[in-house]
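Welcome! Have a look at the sequence and the structure below, then try the exercises at your own pace.

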Amino acid sequence: MQQPAQGRRITSTTRTLHATVVAFSLLAVLAGSVLAGQADRGFGPVIHRAAENNPEFEALLKDYASPLFVPAADFRTDGLYPEAQSYSLSGYWKGDSLGGVYLMAPIWLPHGAVINSVWLFAVDDDDSCSSQDVTLWMQRVDNYTGSVDAMATMSTTGSTTNMQTPYEGNPTHPTIAYPDFSYWLTVRVCSLDHELYGAMIFYD
């Protein structure tokens, strides 16, 4: 009965040593880059050479690709009526009967990305509250002047228990430009039967 336990200890030790060797290999490549005067050109070539020597670093080279999905868990309340919405462990925000409340989420897209479309994922089974539809806005703020631009707006329609996916296929100001602008989403819900599941952004 001792052999399996000993084998596990050997395997764990081997993995630890392997990870240590990989880490020191990356540090050696970084140090060599600095000595060779390559640091001023950034660490991109360094990481690529590290990946060539160690396949474990291949995952670091995977660029994030479209689309960006923003789940309900990324949104937060505006704090005005904290009791007017709640988060379900099933993965969505729902409203209450106190009227329209707002949820916000920041958006981080690559600099220079061009947005093609913005989508809302929501359930709207109530047309009786003050804000009948679940509505999403995408906006940007000029970090130097404070002026705000609307980029996209979409809303659910009618009353149904099915998931609705309204979208804006022609957003304004579609090119992401840092550090001039910051970007975020705002969603309004007002009923227990309004459920926000998330948003999706397609971009080039």
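Here are four exercises, each with a worked solution.

This is a predicted model: local features need pLDDT of at least 70, side-chain atom pairs count only at pLDDT 80 or more, and totals for chains, interfaces and linings use all residues. Residues are numbered from 1 along each chain as its sequence is written, and side-chain values use heavy atoms, with hydrogens and water left out.

**Exercise 1. Cis peptide bonds**

Find the partners of S66 and Y178 in cis peptide bonds, and place each partner in the fold.

Step 1: Start at S66, where the peptide bond to P67 is cis, with omega near 5°. Helices (H or I, at least four residues) and strands (E, at least two) are DSSP runs, numbered from the N terminus. With these names, P67 sits in the loop between α2 (44-53) and β1 (68-71).

Step 2: Move on to Y178, which a cis peptide bond joins to P179, omega being about 0°. P179 belongs to the loop between β10 (167-168) and β11 (181-189).

**Exercise 2. A positive phi**

Describe the backbone and the exposure of H173.

Step 1: H173 is not a glycine, yet its phi is positive, about 50°. The loop between β10 and β11 holds H173.

Step 2: Buried means under 20% relative accessible area, exposed over 50%, partly exposed in between (1.4 Å probe, protein chains only). H173 therefore counts as partly exposed, at 35% relative accessibility.

**Exercise 3. The nonpolar core**

Which residues have the most contacts inside the largest nonpolar core?

Step 1: A nonpolar core is a set of buried Ala, Val, Leu, Ile, Met, Phe, Trp, Tyr and Cys residues joined through side-chain atoms within 4.5 Å. The largest one has 32 residues, and F75, I107 and M138 have the most contacts inside it.

Step 2: Strands that each supply at least two residues of this core include β5 (101-107) and β7 (135-142). β11 gives the most, with five residues.

Step 3: Contact means heavy atoms within 4.5 Å. Leaving out residues up to four places away in sequence, F75 touches several residues, among them W93, M104 and L185.

**Exercise 4. Charged side chains**

Which residue forms a salt bridge with D149?

Step 1: A salt bridge is a side-chain nitrogen of Lys or Arg within 4 Å of a carboxyl oxygen of Asp or Glu. The structure holds one salt bridge.

Step 2: R140 is the partner of D149, and their closest N and O atoms are 2.9 Å apart. At 10% relative accessibility, R140 counts as buried.
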